[in-house]
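Q: Please take a close look at one loop position in this model, and then work outward from there to the parts that can be described with care. A connected account would serve me better than a list.

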Amino acid sequence: MVFENVVAMLDKVSKVMELKEEEKQKLLTFTRVSHDEIEVDGEKYPTWRIVHNDALGPGKGGIRYHPGVSEDEVKSLSFWMSIKNSLAGLPFGGAKGGVIIDPKALVEKLGRKGADKRLEAVSRGFVQKFHNVLGQDIDVPAPDVYTNPQTMGWMLDEFEKLKGKHEPGVFTGKPIALGGIPLRSDSTAKGGYIMFKEIISELKNQDVTIAVQGFGNAGYFFASMAGKDGHRVVAVSDSKGGIYDENGFRVEEVKKIKDEEGSVVNCYKDGGCYGKKISNEELLELDVDFLILAALENQVTTENASKIKAKYVIELANGPVTTEADDILYNNGVVVVPDVLANSGGVVGSYLEWVQNRTGMIFEEDYLVGRLDKIMKKSYHAVDQLHKDKNVNMRVASYVLAIERILGAEKARGRLCCYK
Ligand code: NAD
């Protein structure tokens, strides 16, 4: 994601909301941009932590370890976190962090053990550089691309060492041993699935067909829940290709193949195969009721948007449909449940972990699932209503709601003079 796209999206939404220039400028201004360089064994790793807006609460958003990280990217993602957190009604602003580092190349260079040692040093280095701008009431990071609960464990330990006190709420997505919650690993898929259930509860025919692009964390958990509820998952894919069976797969058996043979397109060594093989392009264009995008960004573009036959597209991945493709789908009557709404189960999970850590309570899983369910349904219906009332797609409706809340908080603080 680049900042140019943020500005373009903001322009589009500004027209619907009739935003004043001052309001637009407020949204294009960052609360805090922290930049430094972590040095480990003579290697330098540029790093950022950026808070886009803190009117609704402390910054919240992941830390990404990737060779392609840049200030432009971290800024764009922090803006996007402001939208996501606000839309979910959470008491958080938007933030993001990043380190320019290549974890895959590290394993090749240093071996698994050496790479882990380096990643631990970099994670502790991140906290040494930024501990003064982090805190449960200041800015609360979480895992993102190539960071995980272990990364958060190292960071929490370093933070508490520097501060001389316990403060588990400063990071979310932690190991359960450090105050993490059981819901965290599948909360994104669960959130998207709650929206899917809301949609089908409004449909007369419940015998729907589902295609899932990307059979990783988000895609597999979604398919698994759908399969358990008796819905027909007729196609799934991963980076090696896809499989199709009009009668629907037994999802757990496909998962077994993926785990044992490396891809959903592989067969068991004894020859047992599932469905017929299809390409990823074919999967996207299948005549199904629901297309779940759970792989990469930019999968539906102006090239293929007009060929999408699904009635609903649910974006579990970030940015899988381009802005131009979004308009084509909308004009063709395809309903897209956008990423900021559909995959917000992850941030809701983070919020519940933060509440657990702050209150010292230990939440049971069924309580967490119940809270996730309520929050996701509330967001879904608010967006759905606005999308119908204003005749705009669900993405624009999501941004309108999120921006209204952010600007409302800015106004209530007296930091924006004339918000209507
Ligand atoms: P993952 O790495 O576990 O899974 C990604 C899957 O996509 C893998 O199975 C991979 O083989 C497959 N894939 C890669 N290229 C593909 C292609 N061209 N066609 C089809 N499949 C392809 O990742 P994940 O955690 O499931 O995340 C998937 C997406 O969801 C990402 O965009 C991520 O940013 C987003 N997301 C995930 C979470 C989460 O909590 N897991 C939260 C928010 C957003």
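**A loop residue and its surroundings**

A: Thr322 lies in the loop that runs between β11 (312–315) and α10 (323–331), and the model in which it is seen here is a predicted one. Thr322 counts as buried because its relative accessibility is 14%, which falls under the 20% cut-off for that class. Once its neighbours within four places in sequence are set aside, Thr322 is in contact with Asn298, Val300, Thr301 and Thr302.

Asn298, one of those contacts, belongs to the loop between β10 (290–293) and β11. Asn298 counts as partly exposed because its relative accessibility is 46%, so the contact partners Thr322 and Asn298 fall into the classes buried and partly exposed, respectively. The backbone of Asn298 also deserves attention, since this residue has a positive phi of about 55° although it is not a glycine. Most residues other than glycine have a negative phi. Tyr146 is another non-glycine residue with a positive phi, here of about 60°, and Tyr146 sits in the loop between β5 and α5 (149–163). With a relative accessible area of 41%, Tyr146 is therefore partly exposed.

The ligand is the next part to consider. Its surroundings comprise 19 residues, and the closest are Thr188, Asn217, Ala218, Asn280 and Asn318. By class, this shell holds 7 nonpolar, 10 polar and 2 charged residues. Several backbone atoms approach oxygen atoms of the ligand: a polar backbone atom of Asn217 is 2.9 Å from one such oxygen, a backbone N or O atom of Ala218 lies 2.8 Å from an oxygen of the ligand, and a polar backbone atom of Ser239 is found at 3.0 Å from a ligand oxygen. On its own the ligand has 830 Å² of accessible area, and the protein covers 70% of that. The elements that give two or more residues to this shell are α7 (217–228) and β7 (232–238).

Strand β7 leads on to Arg232, which is found in that strand. Arg232 is partly exposed because its relative accessible area is 26%. Not counting residues up to four places away in sequence, Arg232 touches Asp207, Val208, Thr209, Ile210, Glu246, Asn247 and Gly248. With Asp207 there is also a polar contact of 3.4 Å between the two side chains. Arg232 and Asp245 are 13 residues apart along the chain, and their C-alpha atoms are separated by 9.4 Å. Glu246, which Arg232 touches, can be set beside Glu260: these two glutamates are 14 residues apart in sequence and 24 Å apart in space, C-alpha to C-alpha. Glu260 itself lies in helix α8 (residues 251–261) and counts as partly exposed because its relative accessibility is 46%.

Helix α12 (residues 345–359) offers a check on geometry: at 1.5 Å a residue its 15 residues should span 21 Å, and because its end C-alpha atoms are 21 Å apart, the model agrees with that expectation. The helix is mostly covered, with 12 of its 15 residues buried, among them Tyr351, Leu352, Glu353 and Trp354. The buried residues of α12 pack against β3 (59–65), α3 (71–87), β5 (139–143), α6 (187–202) and α13 (365–390). Just after α12, Gly360 takes a positive phi of about 80°.

Two further residues show how distance along the chain relates to distance in space. Ala409, in helix α14 (residues 394–412), is 353 residues from Leu56 in sequence, with a C-alpha to C-alpha distance of 6.1 Å. Not counting residues up to four places away in sequence, Ala409 touches Ala55 and Leu56, and Ala409 counts as buried because its relative accessibility is 14%. Lys20 and Ser224, by contrast, are 204 residues apart in sequence and 46 Å apart in space, C-alpha to C-alpha. Lys20 lies in the loop between α1 (3–17) and α2 (21–27), and its relative accessible area of 36% is why Lys20 is classed as partly exposed.

Key. Residues numbered from 1 in each chain as written. Heavy atoms only, no water. Helix = DSSP H or I, 4+ residues; strand = E, 2+ residues; numbered from the N terminus. Expected span 1.5 Å × (residues − 1). Buried < 20%, exposed > 50% of the residue type's maximum accessible area, 1.4 Å probe, protein only. Contact = heavy atoms within 4.5 Å. Near = heavy atom within 4 Å. Polar contact = N/O pair within 3.5 Å; in protein donor to acceptor, adjacent residues only side chain to side chain. Areas by Shrake-Rupley, 256 points an atom, 1.4 Å probe, with all protein chains shown as cover. Nonpolar A, V, L, I, M, F, W, Y, C, P; charged D, E, K, R; others polar.
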